[in-house]
Amino acid sequence: MRAKPEYRNRDETEVVVLDALADRHQEGMTVFEIRSRADVTIDQIEDALAALKDDDLIVVEKDEERTLILPDEDVVGPETNDEDVSLLDKLRNKLPF
């Protein structure tokens, strides 16, 4: 899964984090799990998580053993397969229209 299109015009790191969280939106992820899915530094992830938290796009849940980060339900888009996305749609998402 991916974040909905309306959340894709954010900072690149924030979008990568949202996409990773959307893939595991029911289970949540730890910071280290996000780091393993995103090719960014821990500092970049920290900054992205802070911005996403400020905008109420993520929820942080703590239990006795670990801290899980989950995306807000409104952020998660429908399940898509990259093979189903046309070349035109890919270009449209990349270019600023």
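Hi everyone. Let me start with Arg-37, which is partly exposed, with a relative accessible area of 43%. Before going on, please keep in mind that this is a predicted model.

What does Arg-37 pair with? Arg-37 forms a salt bridge with Asp-23, and the closest N and O atoms are 2.8 Å apart. Arg-37 sits in helix H2 and Asp-23 in helix H1, so this pair ties together parts that are 14 residues apart in sequence. Asp-23 counts as partly exposed too, at 37% relative accessibility. There is also a network here: Arg-24, Glu-27, Glu-33 and Arg-66 are joined by salt bridges that share partners. The count for the model comes to seven salt bridges.

Now let's move to Arg-10. How exposed is Arg-10? Its relative accessible area is 23%, so Arg-10 is partly exposed. Arg-10 forms a salt bridge with Asp-55, with the closest N and O atoms 2.6 Å apart. That pair links distant parts of the chain, since Arg-10 is in the segment before H1 and Asp-55 is in the loop between H3 and E1, 45 residues apart. Asp-55 is partly exposed, at 42% relative accessible area. Arg-10 also has a salt bridge with Glu-14, where the closest N and O atoms are 2.7 Å apart. Glu-14 itself is buried, with a relative accessible area of 11%.

Glu-14 brings us to helix H1. How many of its twelve residues are buried? Nine of the twelve are, and H1 is mostly covered. Among the buried ones are Val-15, Val-17, Leu-18 and Leu-21, along with Asp-19. And what do the buried residues of H1 pack against? They pack against H2, H3, E1 and strand E2, which covers 67–71. At the N-terminal end, Asp-11 caps H1, with a side-chain oxygen 3.1 Å from the backbone nitrogen of Thr-13. The length works out as well: at 1.5 Å a residue, the twelve residues should span 16 Å, and the end C-alpha atoms are 17 Å apart, which agrees.

Following the chain on from H1, we get to Thr-30, in the loop between helix H1 (12–23) and helix H2 (31–37). Is Thr-30 buried or exposed? At 14% relative accessibility, Thr-30 counts as buried, because the cut-off for buried is under 20%. Leaving out residues up to four places away in sequence, Thr-30 touches Arg-66, Thr-67 and Leu-68.

Over on the surface, Val-31, Phe-32 and Ile-42 make a nonpolar patch of about 270 Å². Ile-42 belongs to helix H3, residues 42–54, and counts as partly exposed at 30% relative accessibility.

Next stop, the loop between H3 and E1, where we find Asp-56. Asp-56 is exposed, with a relative accessible area of 56%. Its phi is near 60°, a positive value in a residue other than glycine.

Last one: Val-60, in strand E1, which runs over residues 58–62. Val-60 is partly exposed, with 35% relative accessible area. Which residues does Val-60 contact, beyond its neighbours within four places in sequence? Those are Lys-53, Thr-67, Leu-68 and Ile-69. From Val-60 to Leu-49 is eleven residues in sequence and 9.8 Å in space, C-alpha to C-alpha.

That's my tour. Thanks for listening!

Note on methods. Residues are numbered from 1 along each chain as its sequence is written. This is a predicted model: local features need pLDDT of at least 70, side-chain atom pairs count only at pLDDT 80 or more; totals for chains, interfaces and linings use all residues. Side-chain values use heavy atoms; hydrogens and water are left out. Helices (H or I, at least four residues) and strands (E, at least two) are DSSP runs, numbered from the N terminus. Buried means under 20% relative accessible area, exposed over 50%, partly exposed in between (1.4 Å probe, protein chains only). Contact means heavy atoms within 4.5 Å. Patches are made of residues with over 30% relative accessible area and no salt bridge: like charges are joined within 9 Å, nonpolar side chains (Val, Leu, Ile, Met, Phe, Trp, Tyr) within 5 Å. Accessible areas come from the Shrake-Rupley method with a 1.4 Å probe; for residues, only the protein chains shown count as cover. A salt bridge is a side-chain nitrogen of Lys or Arg within 4 Å of a carboxyl oxygen of Asp or Glu. The expected span of a helix is 1.5 Å times one less than its number of residues. A polar contact is a pair of N or O atoms within 3.5 Å; within protein, one must be able to donate a hydrogen and the other to accept it, and residues adjacent in sequence count only if both atoms are side-chain atoms.
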